[in-house]
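Please read the following report alongside the sequence and the coordinates. It moves from strands and helices to an annotated site, and then to the second chain.

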Amino acid sequence: MKIAVVVFPGSNCDVDLYEALHTVCHADVEYVSHKQKNLTGFDAVMLPGGFSYGDYLRSGAIARFSNIMPAIVEFANEGKFVFGTCNGFQILTEAGLLPGALKKNNSLKFVCKEIELKVTNNQTPFTTQYKMGEHINLPIAHADGSYYAEKEVLEELEKNGQVVFRYMNENPNGSLNDIAGITNKKGNVLGMMPHPERAVEALLGNEDGLRLFKSLLANGKKKEEAAR
Amino acid sequence: MINVRIFVTYKESVFDPQGETITEAIHSLGHDEVKQVHVGKFFDVQVDSSNKTVEKTIAEISEQLLVNFNLETYRYEIMEEA
């Protein structure tokens, strides 16, 4: 399974993602520039956190127009794995690959801390190694993380089990339904505000994010074997 | 050339934390008669086109880029022909 980490101008968690996959998971991973136009040979794509294009206009809005974006949309539509964290999540909503939008935190503050989450769907390719309902801790670091969608869209998300992570105890940004991460209807695209890539080594204090990458790698392998 | 000002604001259903905070600040100035503030943004756009096609241009750039319809809505004013 070969994984692409897309680098936009202003990405700043691309190295964290790369290292989580390469150094910790020993996965086959490569950086892909926003200038490239195709994703041939890759089985999963990761959109990192940061401030792509300076967050001009709206967070993630300009990244949608980069060269690589049509290939990512096609990739997602083919059912391949797409993951976006933080700014990556914002890009996925702006590109229409995930419903809703992320707006300014209710507090108007940039929040940077570790927060408790509940795994509310462990049947996605990204979460099979978590227990259903399990509480985990992951870091968050964002100013525009308040998830918003129209009532009908929220009902649809809940009905389909597309809400994968929910904030526990404290909602740090005003997200509706305490939403921290969602998938598309098919389940092959996941976007989340928390940073699992910053929590992959016990030595650094937290490895609750590791199983997200391990789940993806295991499910990618399963998919490869099934295709043989 | 036609000068157009496009206003983008949150939809009524969307909580506007900046507007809320500014309203509170205005109240601390003693202006309790101010009941609500909504924050938005505007874009001044110069369009090289006739009056006939400018509306189409504005609708397209607003809908495809300037506005996120999940959260926002827009209106515009044609200012003057430059």
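The report below describes a predicted model, beginning with chain A and ending with chain B.

**Strands and crossovers in chain A**

Strand β1 of chain A, residues 2-7, pairs in the parallel sense with strand β2 of chain A, residues 28-33, and six bridges join the two. Within this pairing, A:Ile3 has A:Val29 of β2(A) as its bridge partner. The connection between the two strands includes helix α1 of chain A, residues 14-24, and β1(A), α1(A) and β2(A) together form a right-handed β-α-β unit.

The buried residues of α1(A) are A:Asp14, A:Asp16, A:Leu17, A:Tyr18, A:Ala20 and A:Leu21, and these residues pack against β1, β2, β3 and α5 of chain A. An α-helix has 3.6 residues a turn, so residues three or four places apart point the same way. Just after α1(A), the backbone at A:His26 adopts a positive phi of about 55 degrees.

A second right-handed β-α-β unit is made by strand β3(A), helix α2 of chain A, which covers residues 69-77, and strand β4(A). Here β3(A), residues 44-47, runs parallel to β4(A) and is joined to β4(A) by four bridges, with A:Val45 bridging to A:Val82. Strand β4(A) also pairs in the parallel sense with strand β11 of chain A, residues 189-192, again over four bridges, and in this pairing A:Phe83 has A:Leu190 as its partner.

How many residues of β4(A) are buried? Five of the five residues of this strand, which spans 81-85, are buried, so β4(A) is largely enclosed by the rest of the structure. In a regular strand the side chains alternate between the two faces of the sheet. For β4(A) both faces are covered, with A:Phe81, A:Phe83 and A:Thr85 buried on one side and A:Val82 and A:Gly84 buried on the other.

**The annotated site**

An unreviewed UniProt entry carries the annotation "active site" for A:Cys86, A:His195 and A:Glu197. These positions are spread over 112 residues of sequence, yet they cluster in space, with a largest C-alpha distance of 10.9 Å.

A:Cys86 lies in the loop between β4 and α3 (87-94) of chain A, and A:His195 lies in the loop between β11 and α5 (210-227) of chain A. A:Cys86 counts as buried because 30 other C-beta atoms lie within 10 Å, and A:His195 counts as buried because 24 other C-beta atoms lie within 10 Å.

Setting aside neighbours within four places in sequence, A:Cys86 is in contact with A:Cys13, A:Gly49, A:Ala141, A:His142, A:Met193 and A:His195. With residues up to four places away likewise not counted, A:His195 touches A:Cys13, A:Gly49, A:Thr85, A:Cys86, A:Leu138, A:Pro139, A:Ile140 and A:Ala141. A:Cys13, A:Gly49 and A:Ala141 thus appear in both sets of contacts.

**Positive phi in two loops**

Most residues other than glycine have a negative phi, and most peptide bonds are trans. Two aspartates of chain A that have a positive phi are set out below.

| Residue | Phi | Loop in chain A | C-beta neighbours within 10 Å |
|---|---|---|---|
| A:Asp55 | about 60 degrees | between β3 and α2 | 18 other C-beta atoms, partly exposed |
| A:Asp178 | about 60 degrees | between β9 (163-167) and β10 (179-183) | 20 C-beta neighbours, buried |

Which of the classes buried, partly exposed or exposed applies to A:Asp178? A:Asp178 counts as buried because it has 20 C-beta neighbours inside 10 Å, and 20 is the number at which a residue becomes buried.

**Chain B and its interface**

Chain B contains two helices and three strands, which follow the pattern β-α-β-α-β when read along the sequence. Its radius of gyration is 16 Å, whereas a compact globule of 82 residues would have a value near 12 Å. Along the principal axes, the C-alpha atoms of chain B fill a box of roughly 45 × 30 × 15 Å.

Of the 82 residues in chain B, 10% count as buried. Among the contacts within chain B that join residues at least 6 apart in sequence, 72% are between residues at least 24 apart.

At the interface, eight residues of chain B are in contact with ten residues of chain A. The side of chain B that touches chain A comprises four nonpolar residues, four polar residues and no charged residues.

Technical notes: Residues numbered from 1 in each chain as written. Chains lettered and ligands numbered in written order. Predicted model: local features only at pLDDT ≥ 70, side-chain atom pairs only at ≥ 80, totals over all residues. Contact = placed C-beta atoms within 7 Å. Nonpolar A, V, L, I, M, F, W, Y, C, P; charged D, E, K, R; others polar. Pairing = 2+ DSSP bridges. Right-handed = clockwise from strand over helix to strand, strands pointing away. Buried ≥ 20, exposed ≤ 12 C-beta atoms within 10 Å, placed from the backbone. UniProt positions renumbered as here; feature names shortened; annotations may be inferred. Rg over C-alpha atoms; globule rule 2.2 N^0.38 Å.
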